[in-house]
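A few notes from my bench notebook today. I opened the model to look up some spots and wrote down what I found.

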Amino acid sequence: MTTSQRSGQLNTDEFCSLKRVSDEKINTETRTQQLKQFALQCLKSTEQNKVINNQHQTVKIVGAGCGDIELLTLKAAKMITEADAIVYDNLVCAEILQLAATHCRLIYMGKRFAQKSRTQDEINQRLYHLAISGVKVVRLKGGDPNVFGRGGEEALFLAKRGVKSEFIAGVTAALGCAASSGIPLTHRKVARSVTFVTGRICDNKREQAVIDEWQGLLSANSTLVFYMGKEKALEIATGLMLAGAVGSLPVAFITNGARQSQTIKFSRVDQMAQDALSLKQAGPTLIIVGEVVTIGAELEHCLAFCSQSIAANESLYG
């Protein structure tokens, strides 16, 4: 037994030794507490991330088809009925919107020619904020979302901000309007391909650039289908004629295609600008240019003859 132990007092070495043991014990307990707190913070952060990730619903970018509700796909209909919020554009018919659940928010953000409309950035921001709020979002577009529908732009905007999206195909106007009008978009004798073109092809381009583009389209011997082209009919006709199109090249204007109010006006390239001005019916107009229009007109004539023959036989034979 040391002198210090007998006297009940600690010498300097003994005091330093005990202090070191005590400090180590305190440091160990402190480190343990810090590790426990860090682990709890990590766990809490992980749980918060799970909640946030669950809130970021996959935005469904859905094609509503063109016109009639019966052209809506089954998958599109399913997405619409399950949605909590639907951001829809100008070409979606009222019947399709009626498929939405009673609690679903219907948010109109359409664009109209020569009218004040929402900007694309406003639409993108609305989709993003809806998605991170945790609701099931459907972006509903007329026709197909990726045929002049800016579906790709919206999907990229969301993806860059950590929000997933999914495309649901729709029947695009060229297919729906051509079918409802009896015009085949391709025909092995006159057109082996079809080209979809926006009516704004002439915007902000030099004259020679426009001519070169039209010549490229004509040289493909392709049926040309113009979306949003009625207001640009003069520019389209001019571009085609400058590129070498014959004036008699057939043209069809289809207004409100695949709807009960559908109308068809047959024309030709050298008359299409004037005929476009005579179209007074409200609604979207698709323009088909090419020899297939003649086949469609011939088919319409033959079907009318068939109807007359059937009616005559019924009256004759009862």
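Entry 1, a loop after a strand. I kept in mind that this is a predicted model. I began with Met228, in the loop that links strand 7 (223-227) to helix 9 (233-242). I checked its backbone: Met228 is not a glycine, yet its phi is positive, about 55°. Is Met228 buried, exposed or partly exposed? Its relative accessible area is 36%, so I noted Met228 as partly exposed.

Entry 2, another positive phi. I turned to Asn256, which sits in the loop between strand 8 (250-255) and strand 9 (263-268). Asn256 is not a glycine either, and its phi is positive at about 55°. For Asn256 I read a relative accessibility of 8%. The cut-off for buried is under 20%, so Asn256 counts as buried.

Entry 3, a lysine in a strand. Next I looked up Lys141, which belongs to strand 4 (residues 137-141). Is Lys141 buried or exposed? I found just 3% relative accessibility, so Lys141 counts as buried. Which side chain makes a polar contact with that of Lys141? I found Glu154, at 3.2 Å. I also listed what Lys141 touches, leaving out residues up to four places away in sequence. Among them are Ile61, Val62, Gly63, Ala64 and Gly65, and also Asp89 and Val92. Further along the chain, the list includes Gly149, Arg150 and Gly151, as well as Glu154 itself.

Entry 4, the strand pairing. I stayed with strand 4 and followed it to strand 2: the two run parallel and are joined by 4 bridges. Here Val87 stands opposite Arg139 of strand 4. Strand 2 also pairs with strand 3 (residues 105-108), again in the parallel sense and over 4 bridges. On that side I noted Arg105 in strand 3 as the bridge partner of Ala85.

Entry 5, the two faces of strand 2. In a regular strand, side chains alternate between the two faces of the sheet. I therefore asked which residues of strand 2 (residues 85-88) lie on each side. Ala85 and Val87 are on one side, with Ile86 and Tyr88 on the other. All of these are buried, and both faces of the strand are covered.

Entry 6, a helix residue. Last, I looked at Gln208 in helix 8 (residues 207-219). Its relative accessible area is 44%, so Gln208 is partly exposed. I also noted Ala243, 35 residues away along the chain, with 9.8 Å between the C-alpha atoms of Gln208 and Ala243.

Technical notes: Residues numbered from 1 in each chain as written. Predicted model: local features only at pLDDT ≥ 70, side-chain atom pairs only at ≥ 80, totals over all residues. Heavy atoms only, no water. Buried < 20%, exposed > 50% of the residue type's maximum accessible area, 1.4 Å probe, protein only. Polar contact = N/O pair within 3.5 Å; in protein donor to acceptor, adjacent residues only side chain to side chain. Contact = heavy atoms within 4.5 Å. Pairing = 2+ DSSP bridges.
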